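User: Hi! I am learning how to read protein structures. Could you show me one and explain the terms people use for it?
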Amino acid sequence: GHEMTFKRYHRYSDMLHYLEYLSIKYPELVEMITIGKSSLGQPLKVVKVSTGQRTKKGEIKPAVWIDGGTHAREWISPAVVMYTLKQLVENFKINRKIVEGADWYILPVSNPDGYEYSHSTDRFWRKTRSNHEIEDEKQSRTLSSFFWGETCRGVDMNRNWNFHWGEVGASDDPCQETYAGPRPFSEPETRAISDFIMDRKDRIKLYLTMHAYSQMWLIPWGYTNKKTGDYDDLMSMGRKAVDALNRVSGTQYQVGHSPSLLYPTSGGADDWAKGVAGIKYAYTVELRDDGTYGFLLPASQIVATGKETFAAIKAVARAIVCKN
Ligand code: 0X9
Ligand code: ZN
C-alpha cells in the first residue's frame with residue numbers, strides 16, 4: 001500500500017509513489033512540481049504544501065524550503081525529509097499553524113542518481129552520477145578509458161554552487177569525493193534547484209538542507225571564518241532549533257559554522273542560499289548520529305530522528321513565519 005512506515009530506508013521509486021499518493025489524497029494541500037531531471041533522467045520532484053498563497057488579510061505568505069539527499073550515502077536525510085512531509089500533510093490539524101503560515105517546498109531527494117547507486121552498487125557513494133569526462137573532453141576520455149577502463153563519475157553537489165566556487169575544501173580532480181565539477185552548476189540537479197529557488201527567493205524565509213552525520217546545526221559561511229553580519233540572529237535561531245530537538249529525547253546538537261566545527265568548504269548550497277538568493281536563515285543540518293554508526297545509521301532510528309528533527313523545524317518555522 002501507500003504507506004511510509006519509516007521502518008526501513010526506501011528506494012527512490014517508493015518515495016515518488018508516496019508523493020503521488022499524498023497529492024491524490026490531499027489535492028487541496030499538496031501539489032507535485034517536477035523541477036528538472038537528473039543526469040540519468042530521473043525526475044526531481046518538489047512537493048508544495050500550501051493552504052493558499054495569501055493570508056486571510058490578503059498578504060503573500062512566506063515560504064520555507066527543505067531538501068534532502070544531496071549526498072547519496074546519507075540515507076537518514078531523505079527519510080527525515082519524508083517524515084517531515086508526512087507530519088505537515090497527514091498531521092495537518094496538529095501542525096496547522098505552521099502549515100497555514102507558510103508555503104512549504106520540499107525536495108526529499110536532490111540527488112536521485114547517487115541515492116539509487118548507493119542502494120544498488122556502492123553504499124558509500126556521495127556524489128552525483130554524471131560523466132563530465134565524456135561530455136567535456138571526448139578525446140582524452142577515449143584515450144584514458146582505453147588504458148583505465150571506467151572514468152571517474154560524479155560531482156559533489158555541495159561544492160557545485162556558484163558562490164566562491166572552487167576556492168577551498170573542494171577538489172578539481174573528478175576522482176575525488178569533493179570534486180566541485182568542471183564549472184559551477186555543471187550538474188542538472190544543482191541548476192534545477194537554484195532556478196526554482198531564485199524564482200521564489202523573496203518569499204523563501206527559511207532554507208534547510210539535510211545532511212548526515214555529526215549532529216550539528218550549521219550556519220553560513222562555510223567558505224570562510226568571517227562571520228555573517230547577522231551572525232547573532234542565525235546563532236540564536238539555531239539554538240532555538242537544537243533546544244527543541246534536545247527536548248524530544250535528549251539528543252545533543254552543536255550550533256556553529258562549518259569552518260570551526262568541521263572544515264571550510266566552498267560552493268556549498270547553504271552559502272549560496274544566503275550569499276546569492278539572499279535567504280537570511282540558511283542552514284545545513286547534520287543529522288544523527290555522532291559517529292557510532294555514521295552513514296550506516298540503523299533504520300530503527302528513523303522515527304526518533306524524524307521526531308526530534310521535526311520538533312526543531314517546527315520551532316524555527318514558528319519563530320520565522322508565524323511571528324505576526
Ligand atoms: O562537507 C559537506 O558538504 C557537509 N558535510 S557532509 O559530511 N554532509 O558532507 C558540510 C557542509 C557545510 N556547509 C558548508 N561548508 N557550506
Ligand atoms: Zn552531506
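Analyst: Happy to help; this is a predicted model, and we can go through it term by term.

User: What makes the chain as compact as a globular protein of its length?

Analyst: Start with the parts: the chain has eleven helices and eight strands. Its radius of gyration is 19 Å, close to the 20 Å that the globule rule gives for 324 residues, so we call it as compact as a globular protein of that length. Along its principal axes, the C-alpha trace spans about 65 × 50 × 40 Å. Also, 50% of the 324 residues count as buried.

User: Why is His 164 called buried?

Analyst: Count its neighbours! The cut-off for buried is 20 or more other C-beta atoms within 10 Å. His 164 has 20, so it is buried. This residue lies in the loop between helix H6 (138–148) and helix H7 (188–199), and it has a positive phi of about 50 degrees although it is not a glycine.

User: And how do you know whether Phe 185 is buried or partly exposed?

Analyst: The test is again the neighbour count: partly exposed covers the range between 12 or fewer, which is exposed, and 20 or more, which is buried. Phe 185 has 19 other C-beta atoms within 10 Å, so it is partly exposed. Phe 185 is found in the loop between H6 and H7, and its phi is positive, about 60 degrees, although it is not a glycine.

User: What makes the peptide bond between Ala 212 and Tyr 213 cis?

Analyst: Look at omega, which is about 0 degrees for that bond. Tyr 213 sits in the loop between strand S5 (204–212) and strand S6 (216–219). The bond from Arg 288 to Asp 289 is cis too, with omega near 0 degrees, and Asp 289 is in the loop between S8 and H11.

User: How do you describe the way H8 and H11 cross?

Analyst: Two packed helices are described by the angle between their axes and the distance between the axes. For helix H8 (residues 231–249) and helix H11 (residues 302–321), the axes come within 8 Å and cross at roughly 145 degrees. The crossing is right-handed. The residues of this contact divide into twelve nonpolar, two polar and five charged.

User: Last one: which residues come nearest to ligand 1?

Analyst: Of the 14 residues around ligand 1, Asn 158, His 211, Gly 222, Ser 258 and Gly 268 come nearest. By class, the shell has two nonpolar, eight polar and four charged residues. Helix H10 (269–275) and strand S8 (281–287) each supply at least two residues of that shell.

Notes: Residues numbered from 1 in each chain as written. Chains lettered and ligands numbered in written order. Predicted model: local features only at pLDDT ≥ 70, side-chain atom pairs only at ≥ 80, totals over all residues. Axes fitted to C-alpha atoms, helices over the stretch in contact; angles between N-to-C directions. Helix = DSSP H or I, 4+ residues; strand = E, 2+ residues; numbered from the N terminus. Left-handed = near helix turned anticlockwise from the far one by under 90°. Nonpolar A, V, L, I, M, F, W, Y, C, P; charged D, E, K, R; others polar. Near = placed C-beta within 6 Å. Rg over C-alpha atoms; globule rule 2.2 N^0.38 Å.
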